[in-house]
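Let's take a walk through this protein model, one piece at a time. Keep the 3D view open and follow along.

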Amino acid sequence: MSESVCIVTGGGGVRIGNGICRALAAKGWTVVVADQDLPAAEAVVEELRGAGAHAVPMFLDATDADSVREVVAATVREYGRIDALVNSAGVGLRKLGADATPEDFDRVHAINYRGPWTCIREVLPVMLAGGSGSIVNIGSVHAAGAAETFTLYAATKAALAALTRGIARDYGLRNIRCNIVHPGAVESRGNEHLLADFVATKQMLPTAIESIDIGNAVAFLLSTEARAITGIELFVDAGTTAMLFEQ
Ligand SMILES: NC(=O)c1ccc[n+]([C@@H]2O[C@H](COP(=O)([O-])OP(=O)(O)OC[C@H]3O[C@@H](n4cnc5c(N)ncnc54)[C@H](O)[C@@H]3O)[C@@H](O)[C@H]2O)c1
């Protein structure tokens, strides 16, 4: 069992966040489930503890630097270290590019782009002091291509991919790795019907992606088995991004 400690933002999420936490816990990570929805984080922690893992829930608003600092400080108080950070907290936005309001723009950028940067900025000093660290950001296939109404959301994820490469470059020599996982359409309660059509027409593989598939990719990138991998974009999308002219 690793004693390594990972903070997962948006870890209470019912679609992807919980799958990341479950995958990390299964690999022996101690998981700080950090979410603005504290009851959701507590529910995930209860499940992880039930499976014998070490986990703790914490309230986090990733758009608020003070809140991020509190989570970082509480984690260091509790465990004395932070080995990894997963930035999964995020929101969608479905509007034509010019129909979006300035408020939409600010909100989606604050959560999907500034939030991860703020968390990285606050966690990095602890990782640097510890001599190493690994960060995985959760992007989206929308970072790689256009789909109607996803315009501003896609822009935040493309920016996050660029941030990922920049952090990897800036801190690589000090043993910090930073990668991004781009999920395709992930199956979750309530979207099975819509997803069946998506799987049939927009994926190479015939089965729906589950949150644990995203979690397993994250767990690999955080592990020492991926020690030579940094600055990359890993698409966990059942082939969606690589398809051409059939959609
Ligand atoms: N669901 C998908 O099919 C899909 C596909 C591609 C990418 N993504 C990305 O995966 C990530 C997870 O999204 P999801 O849609 O699966 O949702 P999810 O169910 O995993 O939940 C997201 C979580 O983030 C939390 N959150 C939102 N804003 C926050 C903030 N400011 N501070 C702290 N926590 C906050 C929410 O409370 C929620 O628990 C997002 O970055 C999203 O863009 C999702």
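## Starting at the first helix

Start at glycine 28, just after helix α1, where phi is positive, at about 95°. Keep in mind that what you are looking at is a predicted model.

Now step back into α1 itself, which covers residues 17-26. Is this helix mostly covered or mostly open? Mostly covered: nine of its 10 residues are buried. The buried ones are Gly17, Asn18, Gly19, Ile20, Cys21, Arg22, Ala23, Leu24 and Ala25. What do they pack against? Quite a list: the strands β1 (5-9), β2 (30-35), β3 (55-59) and β4, plus the helices α2 (38-50) and α7.

## The whole chain

Zoom out for a moment. The chain has seven helices and seven strands. Reading along the sequence, you meet them in the order β-α-β-α-β-α-β-α-β-α-β-α-α-β.

How does the chain measure up against a compact globule? For 247 residues, such a globule would have a radius of gyration near 18 Å, and the chain has 17 Å, so the two agree. Its C-alpha atoms fill a box of roughly 50 × 40 × 35 Å along the principal axes. Buried residues make up 46% of the chain. And if you take the contacts with a separation of 6 or more, 72% of them link residues 24 or more positions apart.

## Two covered strands

Back to the details, with strand β1. Five of its five residues are buried, so β1 is largely enclosed by the rest of the structure. In a regular strand, side chains alternate between the two faces of the sheet. Here Val5, Ile7 and Thr9 point one way, while Cys6 and Val8 point the other way, and all are buried. β1 pairs with β2 in the parallel sense, over five bridges. If you want a spot to look at, find valine 5, which stands opposite threonine 30 in β2.

Strand β5 (residues 133-138) is also mostly covered, with six of its six residues buried. One side carries Gly133, Ile135 and Asn137, the other carries Ser134, Val136 and Ile138. Its parallel partner is β4 (residues 84-87), joined to β5 by four bridges. Among the pairings, valine 86 has valine 136 in β5 as its bridge partner.

## The nonpolar core

In soluble globular proteins, nonpolar side chains tend to be buried together. In this model, the largest nonpolar core has 65 residues, and those with the most contacts inside it are Cys6, Val8, Val31, Val33, Val123 and Val218. Which helix gives the most to this core? That is α4 (residues 102-130), with nine residues.

Pick valine 8 to see what such a spot looks like. Leaving out its neighbours within four places in sequence, valine 8 is in contact with Gly17, Ile20, Cys21, Val31, Val32, Val33, Ala34, Val86 and Ser88.

## Around the ligand

There is a ligand here too, with 27 residues around it. Which of them come nearest? Gly10, Gly13, Arg15, Ile16 and Gly90 do. Sorted by class, the shell has 12 nonpolar, 11 polar and four charged residues.

Two of those names, Arg15 and Ile16, turn up again when you look at serine 211, which also touches Asn18, Gly19 and Val186 once residues up to four places away are left out. Serine 211 sits in helix α7 (residues 211-222). Is serine 211 buried or exposed? It is buried, because 22 other C-beta atoms lie within 10 Å and 20 are enough to count. Serine 211 and alanine 185 are 26 residues apart in sequence, and their C-alpha atoms are 9.8 Å apart in space.

## Two unusual backbone angles

Most residues other than glycine have a negative phi. Asparagine 175 has a positive one, about 70°. You will find asparagine 175 in the loop between α5 (151-171) and β6 (176-183). With 15 C-beta neighbours inside 10 Å, asparagine 175 counts as partly exposed.

Alanine 238 has a positive phi as well, near 55°. Look for alanine 238 in the segment after β7 (233-236). Alanine 238 is buried, with 23 other C-beta atoms within 10 Å.

Notes. Residues numbered from 1 in each chain as written. Predicted model: local features only at pLDDT ≥ 70, side-chain atom pairs only at ≥ 80, totals over all residues. Rg over C-alpha atoms; globule rule 2.2 N^0.38 Å. Buried ≥ 20, exposed ≤ 12 C-beta atoms within 10 Å, placed from the backbone. Contact = placed C-beta atoms within 7 Å. Near = placed C-beta within 6 Å. Nonpolar A, V, L, I, M, F, W, Y, C, P; charged D, E, K, R; others polar. Core = buried A, V, L, I, M, F, W, Y, C linked by C-beta atoms within 7 Å. Pairing = 2+ DSSP bridges.
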